[in-house]
Structures are given as C-alpha cells and as structure tokens.
Amino acid sequence: MTDEPTPSRRAFLAGTAAAGAGLVASAAAAQTADPLITEVQPWASAFGDPVDAAPYGMPISFESHVVRRNVEWLTESPVSSINFTPIHALEGTITPQGCAFERHHSGAIELSKTDYRLMINGLVDKPLVFTFEDLLRFPRHITTAFCECAANGGMEWGGAQLEGCQFTQGMIHNMEYTGVMLRDLLAEAGVQTAGKWVYVEGADASSNGRSIPLEKALDDVMVAFFANGEALRKEHGYPVRLVVPGWEGNMWVKWVRRIGVYDQAVESREETSKYTDMMPDGRARKWTWVMDAKSVITSPSPQAPIRHGAGPLVVTGLAWSGNGRITRVDVSTDGGATWTPARISGEARSKALTRFHYDMTWDGSEMFILSRAMDETGYVQPTKQALRDIRGLNNVYHNNSIQTWWVRADGEVENVEIA
C-alpha cells in the first residue's frame, strides 16, 4: 500500500490563476469578453415560472439524461425484466425514487390503499388481516438501507461485458424507508413456538415469494409504505413493500399481501431454481441471502469520462455491505499494484450505501482505476479471479468482485479486465 500525500489543490488552482492573470495582462487587446459575464441574459430579463407551474416538481430539462435504462436483449420481455439506476450521474447516497432501479416478475401493478390487505397466517395464535389504515396505527420506524438485486454485476462473471457503470453495477438503490417493524405485526398475531420461518408473498400475478428465517424477521425487517419521505412509487411496491436490510433484493417483496409462519422454508421457485449459486461441480448453493461488501467507482466511468483534461480530479464511488458498516475504501490507479485510502464522505451507515471520494492530480496518462471495500467484520472485497477460483464461471448471482475501469489518455473510459 502506498501513502502518497494528496496533491495540494489550493496550490494548483492558485498557480493556474496566476498564470491566467499573466496571460490576460499580456494579451488584453486580443482578449474577447465573455458575454455570459458582460451581457444581461434572457433568464435575468423576464419572469420565471410561478410557484404553481409544477405541482409535483420534476428535474430540470438539462438533466433529462439522468434516467433509468433497460438492456433490451437481457430478458425476453420488459414485463419480467429489470432497469438500472444511473449511479454514474448521482452523488450523495440517497437514490431518488424516480431513478431507482426496477425489477418485476410480471409487471408493476396498480393497487390502491383502499383495496390493500395484508394477511398473517400459519403457525400463529390469531390469523389476522390488516388494512392499510390498520398498519398506520402501529408504531412507526425509519431506516435507510440499500436494495441490491442478487444479479447485480452478474453479466461480468464471464468477463467485461457492458459499457457503463449504470449497466454493470446499477441494480441497486438506497432509500430512507418509513413503516412498521415486521416483529410488531407478528407479535400481534402471536407466533407459535413451532414457527421457525416466515414466507412472504406479493400480490402481483407472479406471486413472487421468499422464505425468511424467523430470526431475521424479528430483527430489522420492515413493512414499509414510505420511501424518501413520500409514498412508495408503483414500481417500488405501492402501497406496501417489505424491506430486508442487507439481504438480496428478491426478498424485498413488493405489494406484500401475505406472511405465513411455518416450521420450515417453503423452498419456492425463487429460492431454488433462481437466486442460488451454481458451483463448479454442478451443485447449487442456496441461502446466500447476505450481499457481501462491494464498491464501484461511479466517476470516472464509461458513462462519466474525464472532460476537463489533466489536473485536479475527483474520483468518487459507492460502497456497501449487507454485514454492517463500511469502514474503509481503497483506490488504485495502476490496476491494483498499489492502493491508497479514499475519504469516506458523510456517515457510513450499516447496510446502506456509503459515498467515498479520492482527490488526486491526473497527469493525462492512462489509468486502470478500481476500488475495494472493507466492512466492520473485516471482510475485504475480492477480485474476480478470487471468486472464480471458488465458484467457477457458471454463475449469475452474488458477484461482489472488484470492478476495473480503463481511463484512456483522452479521458474516455472502458470496462476491462486485467489478466
């Protein structure tokens, strides 16, 4: 590991300003005034929009490129498919609902609060059915958590595939959820001693359902109806979804309609033929719920190249772990030969996205830039080869390996692997 001192940005900018001042002084006669400074512009010459122009505020037109995107050939139909969060174009850690990735098994349904029902049955003392209004009467809680599809990065198992941070690692979002704790609803129904698992089922046509050990259900699982301060969007499970912090996104059942308590796992389609890890010997490893520590540099990246040329460069990215807090992120600009600690910006919350920044001076030469995350358990994000040595290449799920970007001398960025 190297501990090179961070270049002085203030000194660089001061030197640049001095050089610029000398240039202006020596060529004042040929200098053309910038009309954006010297002339009154249209936006300062007339009224802007009134306060009621947009009752629900939308992003300004200049940011119209910051949208979710689908890969058309990835699935047979967009009804049972996924789109990707534009993580390369976002900052901070909270994902706007309108940008947060979607995953549907039979399309996003419209279910009103009036028609909504949640049933709890199985090994309980009192089978219950809750309306939406019933849920609002339970003690309310707030949690911030990342939701990551188990297939995030899945296309990269066999090699560098897709050009774009959005497409390689964008099956993730991070939101602040408000709702009631599942343990409070289960306590209302009275879980019998024989109960060891819950099976959570959605109201959409796919009846997507997953088994969850009772210990997790009684810990931090939430039945949520708000995200980022507003009602859930339709594509995120309006009016009610499950939040399972740190665990794979398929378990975050949307439009949740039933929670059954059982003495064993149901072993449904989504936890047997899907969302299991194929091993080199042909066996499938199941119950790999936790999303292990991972990170990715979001800028520079293939959709966020370097446009300003050599000089001060802010490298930024995201890190997360389903096992707790991120404690450190290292960045390498030479393909992993040497590493330097990045700066964790803001609060590193447990089972939530963490933003990191690395301030450097780029000399304009090519770089192989990558990041690796460490969490509070001591787990270190592995290389692709380290995962392949254990799990082979016949995989789709749970790829948390290090992502490499090749920054070319012209500032363009490509998705590559280093042999």
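# A tour from Arg-210 outwards

Select Arg-210 and show what surrounds it: beyond its neighbours within four places in sequence, Arg-210 is in contact with Val-198, Tyr-199, Val-200, Glu-248, Asn-250, Met-251, Val-253, Glu-270, Glu-271, Tyr-275 and Trp-289. Contact here means heavy atoms within 4.5 Å.

The model is predicted, so local features need pLDDT of at least 70 and side-chain atom pairs count only at pLDDT 80 or more, while totals for chains, interfaces and linings use all residues. Residues are numbered from 1 along each chain as its sequence is written, and side-chain values use heavy atoms, with hydrogens and water left out.

## Stop 1: Arg-210

Arg-210 sits in strand β8, residues 209-213. Helices (H or I, at least four residues) and strands (E, at least two) are DSSP runs, numbered from the N terminus. Arg-210 has a relative accessible area of 1%, so it is buried; the term covers values under 20%, with exposed over 50% and partly exposed in between (1.4 Å probe, protein chains only).

Now display the side chains of Asn-250 and Glu-271. The side chain of Arg-210 makes a polar contact of 2.8 Å with that of Asn-250 and a polar contact of 3.4 Å with that of Glu-271. A polar contact is a pair of N or O atoms within 3.5 Å; within protein, one must be able to donate a hydrogen and the other to accept it, and residues adjacent in sequence count only if both atoms are side-chain atoms.

## Stop 2: Asp-220

Move along the chain to the loop between α6 (214-217) and β9 (222-227), where Asp-220 is found. Is Asp-220 buried or exposed? Its relative accessible area is 16%, so Asp-220 is buried.

Add Lys-216 and Lys-351. The side chain of Asp-220 has a polar contact of 3.0 Å with the side chain of Lys-216, and another of 3.0 Å with the side chain of Lys-351. Apart from neighbours within four places in sequence, Asp-220 is in contact with Met-181, Arg-183, Val-243, Pro-245 and Lys-351.

## Stop 3: Val-243

Take Val-243 from that list of contacts. Val-243 belongs to strand β11, residues 241-243. Its relative accessible area is 0%, and Val-243 is therefore buried. Outside its neighbours within four places in sequence, Val-243 is in contact with Thr-143, Tyr-177, Asp-220, Val-221, Met-222, Ala-224 and Trp-252. Then draw a distance from Val-243 to Ala-145: the two lie 98 residues apart along the chain, with their C-alpha atoms separated by 8.1 Å.

## Stop 4: the largest cavity

Select Arg-103, Arg-241, Gly-249, Trp-252 and Lys-254, the closest to the centre of the largest cavity among the 21 residues that line it. On a 1 Å grid over the protein atoms alone, a cavity is a set of points where a 1.4 Å probe fits but cannot get out, and a pocket is an open set with protein on both sides within 12 Å along at least five of seven lines; lining residues have an atom within 4 Å of a point.

The volume of the largest cavity is about 240 Å³. Grid points are joined across faces, edges and corners, and a volume is the space filled by probe spheres set on the points. The lining of the largest cavity has seven nonpolar, eight polar and six charged residues. Ala, Val, Leu, Ile, Met, Phe, Trp, Tyr, Cys and Pro count as nonpolar, Asp, Glu, Lys and Arg as charged, and the others, Gly among them, as polar.

## Stop 5: the largest pocket

Keep Arg-103 selected and add Thr-75, Ala-151, Tyr-275 and Tyr-397; these five lie nearest the centre of the largest pocket, which is lined by 24 residues. The largest pocket has a volume of about 550 Å³, and its lining has ten nonpolar, nine polar and five charged residues.

## Stop 6: between the domains

Colour the chain by domain: domain 1 is 87-285 and domain 2 is 294-415, with bounds from an automatic or database domain assignment. Their C-alpha centres lie 27 Å apart. The contact takes 44 residues from domain 1 and 39 residues from domain 2.

Where does the second largest cavity lie? Domain 1 and domain 2 both give residues to its lining, so it lies between them. To find it, select Ile-87, Leu-90, Glu-91, Gly-92, Thr-93, Ile-94, Thr-95, Leu-318, Leu-353 and Arg-355, which line it. Its volume is about 60 Å³.

## Last stop: the whole chain

Zoom out. The chain has seven helices and 23 strands, and its C-alpha trace spans about 90 × 60 × 40 Å along the principal axes. Of its 419 residues, 48% are buried.
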